[in-house]
Amino acid sequence: MGKQLKEKEKNLAKEFEKLGKKIISQAKKQGLIAINNRSKLFIHGRPNRRWWFADKKNGLLISVEYGLCDDEALAMLQRNAIK
């Protein structure tokens, strides 16, 4: 039981890091600065961060005041993707 739990935690940590890298790279492609709180918030049993985005040219914050969770941030970037 303990071994399975450790494997699950390792997989969650890997997914958490991959998601962060994906959000940062998509933001750069769209000319945005990605800012996060670097702390893990556990929401629905999964680690999450809060993300804010600023325009790279003028530095204005373009996301909501309280920040977006990982999944919300990725969805926002995908909606606004430059095609």
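The exercises below work through a predicted model of one protein, each with a solution in steps.

The model is predicted, with local features needing pLDDT of at least 70 and side-chain atom pairs counting only at pLDDT 80 or more, while totals for chains, interfaces and linings use all residues. Residues are numbered from 1 along each chain as its sequence is written, and side-chain values use heavy atoms, with hydrogens and water left out.

**Exercise 1. Describe the overall build of the protein: which elements does it contain, and in what pattern do they follow along the sequence?**

Step 1. Count the elements, taking helices (H or I, at least four residues) and strands (E, at least two) as DSSP runs numbered from the N terminus; the protein has two helices and five strands.

Step 2. Read along the sequence, these elements give the pattern α-β-β-β-β-β-α.

Step 3. Add the dimensions: along the principal axes, the C-alpha atoms fill a box of roughly 50 × 25 × 20 Å.

Step 4. Turn to burial, where buried means under 20% relative accessible area, exposed over 50% and partly exposed in between (1.4 Å probe, protein chains only); of the 83 residues, 29% count as buried.

**Exercise 2. Find the salt bridge of the structure and state where its two partners sit.**

Step 1. Apply the criterion, a side-chain nitrogen of Lys or Arg within 4 Å of a carboxyl oxygen of Asp or Glu; a search of the whole structure then yields one salt bridge.

Step 2. Identify the pair: the side chains of R49 and D70 meet at 3.4 Å, N to O. This pair links distant parts of the chain, with R49 in the loop between β3 and β4 (50-55) and D70 in helix α2 (residues 70-79), 21 residues apart.

Step 3. Check the surroundings of the pair, and both R49 and D70 prove to be buried.

**Exercise 3. Compare N48 and N37: is each one buried, exposed or partly exposed, and which residues does each touch?**

Step 1. Place the two residues: N48 belongs to strand β3 (residues 46-48), whereas N37 lies in the loop between β1 (32-36) and β2 (41-43).

Step 2. Classify them: N48 counts as buried because its relative accessibility is 7%, while N37 is partly exposed because its relative accessible area is 28%.

Step 3. List the contacts (heavy atoms within 4.5 Å), not counting residues up to four places away in sequence: N48 touches F16, S39, K40, L41, I43, C69 and D70, and N37 touches R49, R50 and W52. D70, a contact of N48, and R49, a contact of N37, are the salt-bridge partners of Exercise 2.

Step 4. Add a backbone distance: the C-alpha atoms of N37 and R50 are separated by 5.7 Å, although these residues are 13 apart along the chain.

**Exercise 4. Examine helix α1 through Q26 and K18, and say which of its contacts or patches each belongs to.**

Step 1. Start with Q26, which is in helix α1 and is buried because its relative accessible area is 18%.

Step 2. Leaving out residues up to four places away in sequence, Q26 touches L74, L77 and Q78.

Step 3. Continue with K18, also found in helix α1 (residues 2-29), which counts as exposed because its relative accessibility is 62%.

Step 4. Assign K18 to its patch: together with K6, K10 and K14 it forms a positive surface patch. Patches are made of residues with over 30% relative accessible area and no salt bridge, like charges being joined within 9 Å and nonpolar side chains (Val, Leu, Ile, Met, Phe, Trp, Tyr) within 5 Å.

How values were computed
Areas by Shrake-Rupley, 256 points an atom, 1.4 Å probe, with all protein chains shown as cover. Lys, Arg positive; Asp, Glu negative; His and termini not counted. Charge placed at Lys NZ, Arg CZ, Asp CG, Glu CD.
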